[in-house]
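Trainee: I would like to test some structural labels against their definitions. Can we go through a model together?
Mentor: Yes. Here it is.

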Amino acid sequence: MPMSKQQTKVLFTVVIFSVAIIAIAQQTSIRLPPDNAMAQLKSGTGEETARRDCGFCHSTDYIVIQPHLTAKQWDAEVQKMITVYGAVITPSDAKIISDYLAANYSNGSAPATKTETGDTSGSGKR
Amino acid sequence: MGMRFKSGVLDRRQFLHAAATGAVALGATLWGNRLLPGHALAFAEGVEDPLLSGRPLVRYPGKTDLILLTSRPPQLETPIKYFETAITPNEAFYVRYHIPPPTSVDLSTWRLKVTGQLDRPLELSMEDLQSKFPRTTVVAVNQCSGNGRGYFSPRVFGGQWANGAMGNAEWTGVRLRDLLSAAGVKQGAVEVTFNGLDQPVMRTTPDFVKSLTVSRIMQDPNVLIAYQMNGQPLPLLNGFPARLIVPGWYATYWVKNLSEITVLDKPFDGFWMTKAYLIPDNSCACVEPGTAAPHMVPINRMDVRSLIISPGAGERLPSGQTAAIKGITFDGGSGIRQVEVSVDKGATWHSAKLGKDLGNYSFREWSFDWKTPQKGSYTLMSRATNRMGETQRTDPRWNPAGYMRNVIEHVEVTVA
């Protein structure tokens, strides 16, 4: 029985689709979702610098999920990003970012410890 | 991600250009103002746990709804309900990258390069891996060094994981020692490094490379290059097309999206072995909070743990009934001797029944039938002991990086 025009079209589509499946079977690709919309930085002096320089390598949830430690610990964290992880941040921008993080994400009453995780020993877990 | 340039790595000039055009800030802002496409925003269960409350559930490629810790590079936590059974489904298995994962792998061009101090260096396709070496399988727990870091007190910086940075799967692949034997390890070789297809954003950021000693590999038939996870190809975000399996050791060694194995004639001095993932070199891997250890060593074997999965925190149970308290237990490979349960804050302990034994490296289910007493609040606890006699800590250890949590966990429930 000769195929109707519709059947031919369906068969053609199936063949094309199958070829496409075979062609991509060897390849696995993903598209990663956008950054977490819930991880907005608090507004304040230095927010834009922090978003630009920190956000270049990682989403801002890396900042907002952190416990509120001390200003000194935040500064050590910024220095670690530069000296250990190779972030390209000028000294003046680093100061702006440290001050911003201290003002918005630290707890002044938290006891300062001698082993800030900014110390590179055992702290490269990020 | 959007900011990966063609080379995958940016140099300083490209970075400054990108920064100057505002592309970075723009990208972050645009993404930041959008919800994930196609998914209603939902929140993680376990609102009883302040650490998890407010964290969105997200669906990444190849994964089901997981608890979002960080989006870029991705860190996704497994909801605890998936630990009701010993095998963790691939789609629910947690995700943790230090640097951006590959977003595409083409098996027609992918090769596993085995180079360095070898008589016959290899370049293996997936077909080579599957056809030229004996196939072997191990069921093993993969647990992040920082699993439970969010519960550290005093708190420490780092991924604020609850207890879902772990999973247990049946891994199938080839023995690494078979591979190295085929390549002929030269006299004087001491360490082997492992690199994957993940690449840092900045060229100045240390690439994620880990190492094991040659003797560790040659003595352990369970160290595998796995190309299957629970009988399926690995999800890309769990290491497709192949990942290193180091049963009993923390997940930092289980390099994903593996592409290069290099045999060295000297100890590897890379950042991720000598500066990161270090623990205090003492019997408890701990220090007094606020102090530093004089010597640090690379993290290694997992400590013994058990978790109560059901009932969940805050659950209400009827009085005068039999309630099954259930959970999982595991250690670094000696196997579990016993799990005990307390329903009175640790005053008395009762033996739990161990479930099916899937091997020394696997999660093992356990259960205990509790005759629920009179109405009131109760603290449930579980305590595992392994076959070497090691048991869980009564007081939590503390170390600066928040590693190796294994304290006896508490679950508060109400009998009503």
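The questions below take labels in this model and ask what supports them.

Trainee: What kind of model is this?
Mentor: A predicted model.

Trainee: What makes B:Tyr378 partly exposed?
Mentor: The neighbour count. A residue is buried at 20 or more C-beta neighbours within 10 Å, and exposed at 12 or fewer. B:Tyr378 has 19 inside 10 Å, so it counts as partly exposed.

Trainee: Where does B:Tyr378 lie, and what does it touch?
Mentor: B:Tyr378 is in strand β25 of chain B. Leaving out residues up to four places away in sequence, it touches B:Val343, B:Val413 and B:Val415. The C-alpha atoms of B:Tyr378 and B:Lys345 are 7.7 Å apart, with the two positions 33 residues apart along the chain.

Trainee: How do you know that β25 and β26 of chain B pair?
Mentor: Count bridges. Pairing needs at least two. Strand β25 (376-386) and strand β26 (410-415) of chain B have 6, in the antiparallel sense. For B:Thr379, the bridge partner in β26(B) is B:Glu412.

Trainee: Which sheet holds these strands, and is it open or closed?
Mentor: It is an open sheet of 5 strands in chain B, with the order β19-β26-β25-β21-β22. The pairing is mixed.

Trainee: Why are β19 and β22 of chain B called edge strands?
Mentor: Each pairs on one side only. β19 covers residues 316-317 and β22 covers 350-351.

Trainee: What makes the buried residues of α4(B) one face of the helix?
Mentor: Start with the list. In α4(B), residues 176-183, the buried ones are B:Leu176, B:Leu179, B:Leu180 and B:Ala183. Viewed down the axis of α4(B), they fall within an arc of 95°, so they line one face. As background, an α-helix has 3.6 residues a turn, so residues three or four places apart point the same way.

Trainee: What covers the buried residues of α4(B)?
Mentor: The cover includes β7 (112-116), β8 (122-124), β10 (166-175), α5 (214-219) and β13 (224-229) of chain B. Just after α4(B), B:Gly184 has a positive phi of about 75°.

Trainee: Now chain A. How do you know that the length of α4(A) agrees with a helix?
Mentor: Compare two spans. α4(A), residues 71-83, has 13 residues; at 1.5 Å a residue it should span 18 Å. Its end C-alpha atoms are 18 Å apart, so the two agree.

Trainee: Which residues of α4(A) are buried?
Mentor: A:Gln73, A:Trp74, A:Asp75, A:Ala76, A:Glu77, A:Val78, A:Lys80 and A:Met81. Their cover includes α5 (91-105) of chain A.

Trainee: What is the make-up of chain A as a whole?
Mentor: Chain A has 5 helices and 1 strand. Along the sequence the pattern is α-β-α-α-α-α. Of its 126 residues, 41% count as buried. Take the contacts in chain A between residues at least 6 apart in sequence: 72% join residues at least 24 apart.

Trainee: Back to chain B. How do you know that its two domains touch?
Mentor: The domain assignment gives domain 1 (112-298) and domain 2 (305-415). Contact means C-beta atoms within 7 Å. By that test, 25 residues of domain 1 of chain B meet 18 residues of domain 2 of chain B.

Trainee: What makes up the domain 1 side of that contact?
Mentor: By class, it has 15 nonpolar, 9 polar and 1 charged residues. β9(B) gives the largest share, 4 residues.

Conventions
Residues numbered from 1 in each chain as written. Chains lettered and ligands numbered in written order. Predicted model: local features only at pLDDT ≥ 70, side-chain atom pairs only at ≥ 80, totals over all residues. Domains from an automatic or database assignment. Helix = DSSP H or I, 4+ residues; strand = E, 2+ residues; numbered from the N terminus. Nonpolar A, V, L, I, M, F, W, Y, C, P; charged D, E, K, R; others polar. Arc of directions from axis to C-beta. Expected span 1.5 Å × (residues − 1).
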